[in-house]
Amino acid sequence: MSGLMDKPRRRLRKTFTGREDGRPDWVRQLADGDDAGYFQPGSATWAVHGSMATTVAGIRALLMQTLHPAAMAGVYNFSRFREDPLGRLAGTIRWIFTVTYGDTKAAQEASDWVLQLHEKVTGTYSDANGHRRQYSANDPELLSWVHLAFTDSFLRSHQAWGKPIPGGADRYVAEWAEAGVLMHVPDPPRSEAELRGQLDAYYDAGTLTHSAEVAEAVRFIRDPPLHPSLKAGHRILFAGAVSTIEPKFQRLLGLDPPSLGPLPMPARSATRGVLGLMRLALGPAGPSELAARSRLARLGLLDAAID
């Protein structure tokens, strides 16, 4: 069985990290450092971010982020998502896993690096009422929306396909608020109710909108230039991601509930099957988690924090 999984394992690892062994330099460096970091084994964050459901969560987060017209303008005008979508994916994964598994210095430096990249992402956009406005990727409103879309997507995807979260949803939202603080997010939610309230506030204010750019981004996210062997699985994961999005946000995205002709598509069960195959190929723990455990063991902290 191991031999049969070698090729898909290498292909998946290269898709996620840019390397077939799944261990670029930044992953190996997670074994370095002088403290436990913001999150440890047994935390809600390790449980959620160590789940294969993160694959669906990433798709869902990208979809949700497009709904803020300023965020969409920044991605549309500055991101290389068309030319190098996998490179952008690898960069996002690097930040998530460095904050999740790195020591505090690495997490802070990774977040500062992203904020520095944001400094050049400025311009104008048309808001939901057609008025031209200026934006910066480091505007508090945009930082907040991206954090909300991320947190909600990872939470909802894990609730659909992951194991029980230690401490429940409230603990995950409260823990990941620390990442929001690192990214200068004002007042990040610290409970599931606060998360829902802040998301609804954007919707109720009429800030979010559909546009031609959103439609293009959705088409791209639905069918990115992946290796042909990964396309069928991605289509199922995309449908799974859509199935977890509230109908009001689905409508803004121009998406319908997944279906097979007139019948609802069993997106969640199909997604569970694809995630199971991915876990079989990649193994129970990813390279980032293993590197973090190596650091914790070196520091004599693993037994105290073991899950």
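Analyst: The expected span of a helix is 1.5 Å times one less than its number of residues. Helices are DSSP runs of H or I with at least four residues, strands are runs of E with at least two, and both are numbered from the N terminus. The model is predicted: local features need pLDDT of at least 70, side-chain atom pairs count only at pLDDT 80 or more, and totals for chains, interfaces and linings use all residues. Residues are numbered from 1 along each chain as its sequence is written, and side-chain values use heavy atoms, with hydrogens and water left out.

User: How do you know what span helix α9 should have, and what do its end C-alpha atoms show?

Analyst: Helix α9 covers residues 168–182, which is 15 residues, so at 1.5 Å a residue it should span 21 Å. The end C-alpha atoms of α9 are 23 Å apart, and this agrees with the expected span.

User: What does the same check give for α8?

Analyst: α8 has 22 residues and should span 32 Å at 1.5 Å a residue; its end C-alpha atoms are 32 Å apart, so the two values agree.

User: And how far does α15 reach from its first C-alpha to its last?

Analyst: The twelve residues of α15 reach 17 Å, close to the 16 Å expected at 1.5 Å a residue. In total, the secondary structure of the protein comes to 16 helices and four strands.

User: Why does S144 count as buried or exposed?

Analyst: Buried means under 20% relative accessible area, exposed means over 50%, and partly exposed is in between, with a 1.4 Å probe and protein chains only. S144 has 7% relative accessibility, so it counts as buried. This residue lies in helix α8, residues 140–161. Leaving aside neighbours within four places in sequence, S144 is in contact (heavy atoms within 4.5 Å) with V185, Q198 and Y202.

User: What makes α8 mostly covered?

Analyst: Of the 22 residues of α8, 18 are buried. For the protein, 49% of the 307 residues count as buried.

User: Which residues of α9 and of α15 are buried?

Analyst: In α9, they are A169, Y172, V173, E175, W176, A177, A179, G180 and L182. In α15, they are S288, E289, A291, A292, R293, R295 and L296.

User: How does R10 count, and why?

Analyst: R10 has 35% relative accessibility, so it counts as partly exposed. Its place is in helix α1, residues 2–17. R10 and L282 are 272 residues apart in sequence, and their C-alpha atoms are 8.8 Å apart in space.

User: Why is A267 counted as buried or exposed?

Analyst: A267 counts as buried because its relative accessibility is 2%. The residue lies in helix α14. The C-alpha atom of A267 is separated by 5.8 Å from that of A239, 28 residues apart along the chain. For the protein, among contacts between residues at least 6 apart in sequence, 74% join residues at least 24 apart.

User: What is notable about the phi of H184?

Analyst: Most residues other than glycine have a negative phi. The phi of H184 is near 65°, a positive value in a residue other than glycine. H184 follows α9 and has its place in the loop between α9 and α10 (192–204). At 54% relative accessibility, H184 counts as exposed.

User: Where is D187, and what is its phi?

Analyst: D187 is found in the loop between α9 and α10. Its phi is positive, about 50°, although D187 is not a glycine. With 59% relative accessibility, D187 counts as exposed. G300, just after α15, also takes a positive phi, of about 75°.

User: What volume does the second largest pocket have, and which residues are the closest to its centre?

Analyst: The second largest pocket has a volume of about 450 Å³. It is lined by 20 residues, and those closest to its centre are A47, S51, H158, K163 and R279. The elements that give two or more residues to this lining are α3 (44–49), α8, α14 (267–282) and α15 (287–298). α14 gives the most, with four residues. A pocket is an open set of points on a 1 Å grid over the protein atoms alone, where a 1.4 Å probe fits, with protein on both sides within 12 Å along at least five of seven lines; lining residues have an atom within 4 Å of a point. The volume is the space filled by probe spheres set on the points, which are joined across faces, edges and corners.
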